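The following exercises concern the packing of a protein chain. Each task is followed by a solution in steps.

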Amino acid sequence: MGMSVTISAADTQDAEQILKLQYLCYQSEAELYGDYTIEPLTQPLDDLRAELVRGRALVARLGDEIVASVRGEVDETGTARIAKLIVHPRLRGHGLGGRLLDAIEEHLATDAQFAAKRFQLLTGHRSEGNLRLYRKKGYEAVGALEIGPRLTLVTLEKAA
């Protein structure tokens with residue numbers, strides 16, 4: 001490709017490109033669970049823009065193209081909820097998801113506005129690639145919630 005991927009803060013101007021990438025990336029999850037009504041596939045653009053204003057979002061760019069993204073918010077207890085870690089299918093398996101996860105954790109733990117004490121994220125029980133990455137990064141399962149007959153969300157957590 002000849003270009004390197006750069007990670008930077010996202011802003012509301014990136015919302016449309018992030019939403020298109022999110023839609024592409026969550027197709028495999030929807031297929032895995034047999035449910036194309038999952039929230040990442042039905043999220044309105046205005047809701048995504050509100051998330052970008054409320055919390056922290058990072059994007060990875062290859063040139064002008066956003067090829068990966070992650071979002072996080074810290075609540076009043078100091079728990080950072082990390083969400084929607086997505087990597088373009090053509091770039092998966094090259095460590096980009098891990099780099100983004102490290103970057104959002106650093107931002108949420110060291111930024112005075114956020115000051116996270118712990119990190120928490122959710123993933124589906126059959127999403128083996130996600131579970132493998134999160135365990136490798138030090139996350140441990142702390143709970144599970146059955147959403148329906150095909151999907152159980154696993155809650156993973158680690159200290160900041």
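**Exercise 1: The nonpolar cores**

Task: Identify the residues that touch the most other members of the largest nonpolar core, and the elements that build this core.

Solution. In this predicted model, the largest nonpolar core has 26 residues, and those touching the most other members are Ile 82, Leu 101, Leu 108 and Tyr 139. Two or more residues each are given to this core by strands E2 (56-62), E3 (65-74), E4 (79-87), E5 (118-124) and E7 (152-159), together with helices H5 (96-110) and H6 (128-136). Helix H5 supplies the largest share, six residues. Apart from this core lies another one, of 16 residues, including Tyr 26, Ile 38, Val 59 and Ile 86.

**Exercise 2: The surroundings of Ile 82**

Task: Which residues does Ile 82 contact, leaving aside its neighbours within four places in sequence?

Solution. The contacts of Ile 82 are Val 70, Arg 71, Gly 72, Leu 101, Ile 104, Glu 105, Leu 108, Phe 119, Gln 120, Leu 121 and Tyr 139. Among them, Leu 101, Leu 108 and Tyr 139 also belong to the group that, with Ile 82, touches the most other core members.

**Exercise 3: The packing of H1 and H4**

Task: Describe how helix H1 packs with helix H4.

Solution. First, the geometry: H1 (residues 15-25) and H4 (residues 45-54) pack at an angle of about 115°, and their axes are 10 Å apart. H1 is therefore roughly perpendicular to H4. Next, the handedness: the crossing of H1 past H4 is right-handed. Finally, the residues: Ala 15, Glu 16, Ile 18 and Leu 19 of H1 meet Leu 45, Leu 48, Arg 49 and Leu 52 of H4. By class, this contact comprises six nonpolar and two charged residues, with no polar ones.

Note on methods:
Residues numbered from 1 in each chain as written. Predicted model: local features only at pLDDT ≥ 70, side-chain atom pairs only at ≥ 80, totals over all residues. Heavy atoms only, no water. Core = buried A, V, L, I, M, F, W, Y, C linked by side-chain atoms within 4.5 Å. Buried < 20%, exposed > 50% of the residue type's maximum accessible area, 1.4 Å probe, protein only. Helix = DSSP H or I, 4+ residues; strand = E, 2+ residues; numbered from the N terminus. Contact = heavy atoms within 4.5 Å. Axes fitted to C-alpha atoms, helices over the stretch in contact; angles between N-to-C directions. Parallel < 35°, antiparallel > 145°, perpendicular 65-115°, else oblique. Left-handed = near helix turned anticlockwise from the far one by under 90°. Nonpolar A, V, L, I, M, F, W, Y, C, P; charged D, E, K, R; others polar.
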